[in-house]
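Ready for a few exercises with worked solutions? Have the sequence and the model open side by side, and try each task before reading on.

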Amino acid sequence: MMSTEKWRVLRRLAAAVTVGALAVALAACAPGGGGEATAAPDPDGSLTFGYFEPATSLDPQQGTSSQDIPWLLPVYASLLSYAADGSVAPGLAESWELSDDSLTLTLREGLTFHDGTALDADAVVANMDRAMTLETSTVKGDLSSVASVEASDDLTVVLSLSAPDAALPAKLADRAGMMISPAAFDDGTNLAIDPIGAGPWQLVEYSPGDHLTVERFDHYYDPESVLLSSLTIRLIEDDDTRLSAVRAGEVDVAQISAAQVQLAGTDPSLEVRTDPALAVDHLGMNISIAPFDDPLVREAINYAIDREALYEGIYRGTGTIAWQPFPPGYFGNDPSLENMYPYDPDKARELLAEAGYPDGFSFDFKTNNQPFRVQATEAIAGMLADVGITTNIIPMEGPALLDEFYYQNSVPIYFTPWGGRADPSQTLDNLFGPDGLNNPSKVTAPDLTSALDDARDGGDQDARGEAIRHASDLIMKDSRMIPLMFPGVTTVVRDNVIGYSTGLTGKANFLNVGVAATS
Amino acid sequence: MLTFTIRRLLTLVPQLLVAALVVFVLTSLLPGDAAIARAGGESATPELIAQYRAQLGLDKPLVERFIDFVVHAATGDLGISFSTSEPVSDILLRKVPVTLSLVLLGFIFAILIALPLATIAALHPRGIADRISLAVATSGIAIPNFWFAILLVLLFSLTLRWLPATSYVPFSTDPLQWFLHLLLPAITLGHALAAELTRQLRASLGDHLRRDYVRTMRSAGLSEISVVGKHALRSALGPAVTTLGLQVPIAIGTCVVIEAVFDLPGIGSQMVQAVFSRDIQVLQGVILFTVLLVVVASFLTDLAYALINPKVRVQ
Amino acid sequence: MTRNSREESAAPTRGDALLRVEGFSLDLAPGREYLSVLNDIDLEVRSGEVVGLVGESGSGKSTLAMSLMGLVPKRISRQRSGRILFNGVDVTALRERDLRAIRGRDVGMIFQEPMTALDPAYRVGDQVAEVIRRHRGVSRAEARAQVIEDFRLVEISDPERRADAYPHELSGGLRQRVCIAMAIACRPSLLIADEPTTALDVTTQAQILELLRRLRAEMDMSIVLISHDLAVIAEFCDRVLVMYAGQIMEQAMIDPFFVRPRHPYASALLQALPENQPPLNELSVLPGSPPPLGYVAPGCRFANRCEFAQAGRCDTHAVSLSPTDAGEVRCIRADELVLEGAGQ
């Protein structure tokens, strides 16, 4: 038999060899440059985008994940759209008029779906009917304020409202406004895998859980913005693999994690960019579970968290520290809330003592078992331990954790990313409203409830902004939220790609993006 | 041999039934409700969940669901994916060739690495080849597959730019590209599998080379090629074939990692997706297929063993 | 029938030395270090002669048998001196491929364990046929025909059917007959039989010995029979060599040896021999334990177990072989002692 000494030498040797090989490989990677990008996009250009989550469905009215959006955007056009700054802009409808009891949309002339079906007022009505009546519709909630939909002529659609809904146009710029060819409703087409829309590209091939390939649709309403002849979205779930694929030139654009920024930055043929977005990472809470039902305890946690340390250590210096639900620069952001709970462990301990926990307390700190979330949870657990709150970290699979948080009300607090919503009221209502899906306690306060109503009913952009800021103030005053970070969206872009940036929604969109003609 | 084959085939039926039961129970016991996941998790409404529960048949009693499952599975109907509404058999048809290609090439690489290495090592114990075989065996076990895979990608894809880093090309589309895209993944798998195989083969060949019959063959003046290749190696392959058979489930497990690293759309990555989306129908199909593969592999192993070792056939 | 093989090699006439071992010494390294296993071996086998090699286990007799045809792996062995002449050719100087041409063709070997001496994975007929084809280069059909003929020769009934059997389907006696058929398939001039009957029951043992006796007579082979069993040797051999701790202690013609052995060790072996009964346990033939592999002593290697050993005389100087009436003996007191032979 072999002596342990020999084994140790062998093991060390093996380690040395692999590390050596890695060093050589890295050194070899460092120099060298990519081709020069020219300004003119290639009219026959094609681009491959690497994405980290599969689509739950390519039927926009039945998909259940916000991560479906990048898969849907190439194929489906919405009634309205977002401008670069996040405000609502024309889409399939060239204009709209919102009042307290109706929204009137005026469609562009001569629109068609990919299958040749006319996209007229009747098609919109058919879509709205399906969205509101289909049993498994996931956009029903977005359209809850709509009482009925009618075509008043070929190009005009009137949505009658049961209650004022300032957020409705924004929702129609999102999934709820994506128009599906009504011809596919009844002919047995499985829209989940065989999408037919009126978007800038039409389906060539879809292999669920693998890739989607689309080609330019010649009758898109804004042909100028479609620079790519074809577009492929590849599902690459593993972060390292996604970056490798970009570095190998097999993928042109991909979102990466903060931990990869440094490595990606060493490759001169790649641009690494972090674009701001509405998504906010925070500690989701069930404020009906003691002791998190006590505002003093929640406030203590807000003080106990060293966001600077998270920014440097966990987020690797990307993104923006969060003090409220909406990021700086957004119209719902309240500058006076910035730095409201600076890191102050002494203050946290005082507050805990005041709340009746001079020696702190302990709880099961459950988390999604994704490595990043476990890391963040561990970092936060360390900060809580500093002020006397000891935790027992339990990593779980996503679905099991959500089941416990939302439906069994057995998770008091956990690290969670909130993807952001088209309209700020959607975020506020979901997270803090009395019926909020993401507020499992359903606990609210009368003043907060009316602030949320004001924000939703709004009026013009300024008045709504005011109402949203007021709601945010109330939320943060009671520490109903433990905001941590606006992570933004970090993307690697190969140097042959022209004009890519991620919008505020955080979802990749390839309109006005091209690839340089290779000469 | 024929009766042996038929007898062994008949034992597959209860094996598969038990496997189906285990698969069904385990997937049904998964924490987290398929209906909740299907209805959107964080943004699901209670009505939507109830709707899906009924649509997915989750409101029926467990026994009824199991009988449905077995009866349908026996006729090749594995149900409809909870998440994409595709027939599960279609999904398998798309993904299985990827994983089978990978496993097949992986085993070929494992054998290509292990056979010469183990043979030379067994013939020259304590020689250089013996040390190399030990190093291979050690590295195959000590270096994690994903790490080995990343090193390969770094070297062959990103630095030398000889081979693709990700994705898959079907054999029917382009056999050369199929091979090139699977080369690094298969080497990763082969490296992992070769470790145990080399160790096993070296030991068993060393053992057989000390056997009396090898002495008989040598004393009768037979060449070393015949003594080692025709006689000792054939018998030594018996345990090695068993090892290979036992490694099929390990290989499929390893495929989960390898498919992730190389972004191959096989059943390994499908299994992971199905778990996370609680797509039980797909999960059951994938696992059932995996079980089928393992059972068939063990059947083929026994058959190969019987071919090698005539004693086995009698029992 | 015996002609075929004889045509290929120069056939010595009866009485010439077919095999001659001269001063052969060999070290083995079963572990890290080399041990002296065979020391200054001299041996001669004349054409048509049957020579018995007797000794306890570990005496080196099997290693000697393997050395005769260069079958001790070079990797773990080291020849210190001597040569082995077969038909006048030094076997120790031959290349491996030339050795392989002699093995199986001019020299056949059979071993103790018929249970394991055949490859379990192949039909026995095919294994014998492979040897025939290797040395004769004949077609499959011709080899097969000869296998059947040889099986008849070694008295295997129903040879066609038996040739298609796997080793595990045959009894020990039948398997040993297959091994013999393989060893004599090319009509060798020398057969080396290492404990050919030890693993068999008494009845089978007698049958196999009878078979070997018949084959020897019919085919005019020389035989080296290795055994720890003097009864077998007595029944079968013309001459006997007694080995102890890697040395030849005595060699003599069989009849005088049994009546009057010249070495105390040979005498002890003969006295331990129960009448017409083989010893049950090879290891406990006589008092004291057999020496370990590689045992070396300054004087006589048997001295520490010898009842006639004299301190200061037997244990100080190495002893060489000296001639006797019937052969040679390695004992300085040989002329002083009158030793007992096999019991009357």
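**Exercise 1: two helices of chain B**

Helices α1(B) and α2(B) are roughly parallel to each other (angles under 35 degrees count as roughly parallel, over 145 as roughly antiparallel, 65 to 115 as roughly perpendicular and the rest as oblique). This is a predicted model, in which local features need pLDDT of at least 70 and side-chain atom pairs count only at pLDDT 80 or more, while totals for chains, interfaces and linings use all residues. Residues are numbered from 1 along each chain as its sequence is written, chains are lettered from A and ligands numbered from 1 in the order in which they are written, and side-chain values use heavy atoms, with hydrogens and water left out.

Task: find the crossing angle of α1(B) and α2(B), and the residues that meet.

Solution.
- Step 1. Locate α1 at residues 2-10 and α2 at residues 12-29 of chain B; helices (H or I, at least four residues) and strands (E, at least two) are DSSP runs, numbered from the N terminus.
- Step 2. Their axes cross at roughly 20° and come within 4 Å. Axes are lines fitted to C-alpha atoms, for helices over the stretch in contact, and angles run from 0 to 180 degrees between N-to-C directions.
- Step 3. From α1(B), B:Arg8, B:Leu9 and B:Leu10 meet B:Leu12, B:Val13, B:Pro14 and B:Gln15 of α2(B) (contact means heavy atoms within 4.5 Å).
- Step 4. Sorting these residues gives five nonpolar, one polar and one charged; Ala, Val, Leu, Ile, Met, Phe, Trp, Tyr, Cys and Pro count as nonpolar, Asp, Glu, Lys and Arg as charged, and the others, Gly among them, as polar.

**Exercise 2: a sheet in chain A**

Task: give the strand order of the seven-stranded open sheet in chain A, and say which strands stand at the edges.

Solution.
- Step 1. The order reads β8-β9-β10-β1-β11-β19-β12, with mixed pairing; two strands pair if DSSP finds at least two bridges between them.
- Step 2. β8 (201-207) and β12 (270-275) of chain A are the edge strands; each has a single partner, so one side of each lacks a neighbour in the sheet.
- Step 3. On average, neighbouring strands of this sheet are turned by 20° against each other, direction ignored.
- Step 4. Look at one pair: β9 (residues 211-216) and β10 (residues 230-235) of chain A run antiparallel and are joined by five bridges. Here A:His211 stands opposite A:Arg234.

**Exercise 3: where the chains meet**

Task: which chains touch, and what joins chain B to chain C?

Solution.
- Step 1. Two pairs of chains are in contact, and chains A and B share the most contacts. Chain A and chain C do not touch, with their nearest C-alpha atoms 13 Å apart.
- Step 2. In chain B, 25 residues are in contact with 26 residues of chain C.
- Step 3. These two chains bury about 2,300 Å² between them, 57% of it on carbon and sulfur atoms; buried area is the accessible area (1.4 Å probe) that two parts lose on being put together, summed over both.
- Step 4. One salt bridge is found across this interface (a side-chain nitrogen of Lys or Arg within 4 Å of a carboxyl oxygen of Asp or Glu). B:Lys230 forms it with C:Glu130, and the closest N and O atoms are 3.5 Å apart.
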